[in-house]
Amino acid sequence: MIYLNNAATSFPKPKEVQDAVMASFSGPLVHASRTGLEREDDDIVYLCRTRLADLFNIEDPLQIVFTSGSTEALNLAIKGLPLEGGNVVITAIEHNSVIRPLKTLEKEGKITVTVVECDRNGYVYPEQIAEAIRDDTRAVVVNHCSNVTGAVLNIAEISKIAHSAGAYFIVDASQSAGAIPIDCKNWDIDLLAFTGHKSLFGIQGIGGLYIKKGIEPKPLKVGGTGILSELLLQPEGMPIHYEAGTPNTPGIISLYAGVQFLLQTGLDKIIEHKKKLYQILFDELGDNPDIEIYSPTEHTSYSNFCFNVKGMVPEEVGYVLEASFDIWVRTGLHCAPLLLPYLGVEPWGTVRASHSYFTTEEEIYKFIDAVRKITLIPKRK
Ligand SMILES: Cc1ncc(COP(=O)(O)O)c(C=O)c1O
């Protein structure tokens with residue numbers, strides 16, 4: 001099997017991650033603070049926060065809250081902030097985990113949502129976000145990196161625009177975390193949602209939300225914390241205020257091992273490898289007249305090759321890739337329905353091939369060969 005669906009979930013995981021998760025089952029999984037012992041120096045949960053803080057340039061690791069993934073993190077940010085009565089600006093490249101919570105609030109009459117358009121590669125110009133901001137805009141929510149085309153937005157610039165309007169600035173880093181640099185401090189990000197199972201190499205079911213000091217969304221859930229049990233209300237303080245319930249310790253262990261792998265390998269080296277494969281894809285398929293490519297050559301994570309074969313719907317291409325060549329890609333709308341008209345791919349969407357640090361050049365050439373063969377299939381009139 002050639003796995004080119006890393007934008008959905010990464011495979012394989014580094015051996016270090018596999019080993020760490022397996023080892024976690026050899027003893028009782030009890031988070032240190034739940035035993036009453038606060039041993040921050042060897043508490044894997046705390047260590048994981050510190051490694052994530054290193055990766056995202058966050059000053060205080062305790063400002064990172066663990067969640068089940070980006071979806072929960074984005075729901076916490078969107079539902080927890082005081083947005084009622086105001087407007088929220090988003091972009092056409094948002095994922096349904098941003099669109100749906102906001103559209104639900106809009107349907108309930110609580111907010112209005114403005115969608116800023118993107119170009120045909122999924123890039124959103126900061127100036128257009130500035131133009132969309134209104135007097136009542138309370139938040140700007142943007143996807144750092146399109147999960148469809150791989151386009152990367154200028155977060156530093158958009159942050160300035162959001163803050164000069166007095167709006168919260170929320171970033172969906174699901175695709176960018178572990179794939180490209182993120183700098184919460186220098187980009188002045190208010191809330192950053194990330195998921196563990198993509199480029200951070202963790203397992204599914206773990207992710208988190210960074211919340212800048214001084215910002216206090218309402219918790220999405222309240223309940224047991226293992227400490228301060230005498231309190232009948234959710235304890236204050238970070239991160240416990242947001243972490244009710246038994247934590248996903250195997251998930252956190254996997255995330256720690258994944259981020260350690262990333263930091264030890266070096267993000268630059270990982271990007272370099274993906275860039276090389278991306279270049280090969282464009283060199284070999286870039287001017288093929290039977291293929292339409294939607295991924296950009298600049299402002300990119302170098303991770304997604306998004307395309308269509310002319311005269312075929314994406315599902316057909318995906319089916320042939322899998323059935324005849326054992327190559328796994330993703331086809332369709334990719335949970336980003338607002339993007340379709342801007343790419344000109346209504347109603348079927350696109351084919352997305354997403355490689356990882358573990359994808360080899362040989363695999364990429366096999367994929368290219370398979371796509372070329374598919375372009376030769378006689379098309380419907
Ligand atoms: C851009 C983007 N946002 C949010 C999510 C949701 O992540 P999760 O399903 O891990 O919560 C994804 C995952 O596909 C994504 O690509």
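This is a short dialogue on the ligand site and the cavities of a predicted model.

Student: Which residues surround the ligand, and how many are there?

Tutor: A residue counts here if one of its heavy atoms lies within 4 Å of the ligand. In this model 13 residues surround the ligand, and the closest are Thr71, Asp172, Gln175, Thr195 and Lys198.

Student: How does the shell around the ligand divide by class?

Tutor: The shell has 11 polar and two charged residues, and no nonpolar ones.

Student: What lies 2.6 Å from a nitrogen atom of the ligand?

Tutor: A polar contact is a pair of N or O atoms within 3.5 Å. Here the nitrogen atom has a polar side-chain atom of Asp172 at 2.6 Å. On the oxygen side, a polar side-chain atom of Thr195 is 2.6 Å from an oxygen atom of the ligand, and an N or O atom in the side chain of Lys198 is 2.7 Å from an oxygen atom of the ligand. Of the 400 Å² of accessible area that the ligand has on its own, the protein covers 84%.

Student: Which pocket does the ligand take up?

Tutor: The ligand takes the space of the second largest pocket.

Student: How many cavities of 30 Å³ or more are there?

Tutor: A cavity is a space where a probe fits but cannot get out. The count is three, and the largest cavity holds about 130 Å³. This largest cavity is lined by 16 residues; Asn6, Ser199, Lys274, His355 and Ser356 are the closest to its centre. By class, its lining has four nonpolar, 10 polar and two charged residues.

Student: Where does the largest cavity lie with respect to domain 1 and domain 2?

Tutor: The largest cavity lies between them, because domain 1 (2-10 + 266-374) and domain 2 (15-265) both give residues to its lining.

Conventions
Residues are numbered from 1 along each chain as its sequence is written. This is a predicted model: local features need pLDDT of at least 70, side-chain atom pairs count only at pLDDT 80 or more; totals for chains, interfaces and linings use all residues. Side-chain values use heavy atoms; hydrogens and water are left out. A polar contact is a pair of N or O atoms within 3.5 Å; within protein, one must be able to donate a hydrogen and the other to accept it, and residues adjacent in sequence count only if both atoms are side-chain atoms. Accessible areas come from the Shrake-Rupley method with a 1.4 Å probe; for residues, only the protein chains shown count as cover. On a 1 Å grid over the protein atoms alone, a cavity is a set of points where a 1.4 Å probe fits but cannot get out, and a pocket is an open set with protein on both sides within 12 Å along at least five of seven lines; lining residues have an atom within 4 Å of a point. A molecule sits in a cavity or pocket if more than half of its atoms lie within 2 Å of its grid points. Ala, Val, Leu, Ile, Met, Phe, Trp, Tyr, Cys and Pro count as nonpolar, Asp, Glu, Lys and Arg as charged, and the others, Gly among them, as polar. Grid points are joined across faces, edges and corners, and a volume is the space filled by probe spheres set on the points. Domain bounds come from an automatic or database domain assignment.
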